[in-house]
Amino acid sequence: KDGVWEVVAGLVRGHVTASGGLTVTPLNSFRYNMKPENLAAHGVHPRLTHLLVNLPLLFGPLPFLLLLHASRSLLRSRRRRRAAVSGRRAEEEEKQEGTQEERKEEQEAGEAEEGEA
């Protein structure tokens, strides 16, 4: 137990003391990219490069997982809407069929009364 915690504590202490404070990688990346001399040295890249290369470097698989989750949520909501709309349509069709059948029955009853009279 102690060996694992010593390694973890050593890594944290080494990381913290080497930089003089806690390193926040996305913040450091933002600061670096905001300096004009760094942009002049590396050039300006298309936004797609930042999306496909830099975000995974900064956040690991998190951007891809977020994209996957968002796309699944969107598909589920579309399916629910379609099901709700088709359910409403089916109910409306049933109501219309019911009213048409009632009209036919009323007409038949009216014709039967006329035939008796």
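**View 1. A nonpolar patch on the surface.** Leu48, Leu51, Leu52, Val53, Leu57 and Phe64 come together on the surface as a nonpolar patch, and their accessible area adds up to about 610 Å². To join such a patch, a residue needs over 30% relative accessible area and no salt bridge, with nonpolar side chains (Val, Leu, Ile, Met, Phe, Trp, Tyr) linked within 5 Å and like charges within 9 Å. Areas here come from the Shrake-Rupley method with a 1.4 Å probe, and for residues only the protein chains shown count as cover. Helix H4 (residues 47–59) supplies the largest share, five residues. Leu57 sits in helix H4 and counts as exposed because its relative accessibility is 66%; the cut-offs are under 20% for buried, over 50% for exposed, and partly exposed in between (1.4 Å probe, protein chains only).

The model is predicted: local features need pLDDT of at least 70, side-chain atom pairs count only at pLDDT 80 or more, and totals for chains, interfaces and linings use all residues. Residues are numbered from 1 along each chain as its sequence is written, and side-chain values use heavy atoms, with hydrogens and water left out.

**View 2. A positive patch of arginines.** Here Arg72, Arg76, Arg78, Arg79, Arg80, Arg81 and Arg82 gather as positive charge on the surface. Lys and Arg count as positive, Asp and Glu as negative, while His and the chain ends are left uncounted. Each charge is placed at NZ of Lys, CZ of Arg, CG of Asp or CD of Glu. A salt bridge would be a side-chain nitrogen of Lys or Arg within 4 Å of a carboxyl oxygen of Asp or Glu. Arg72 belongs to helix H5 (residues 62–116) and is partly exposed, at 48% relative accessible area.

**View 3. Tyr32 and its contacts.** Look for Tyr32 in helix H2 (residues 25–34); helices (H or I, at least four residues) are DSSP runs, numbered from the N terminus. Leaving aside residues up to four places away in sequence, Tyr32 touches Asn38 and His42, where contact means heavy atoms within 4.5 Å.

Technical notes
Helix = DSSP H or I, 4+ residues; strand = E, 2+ residues; numbered from the N terminus.
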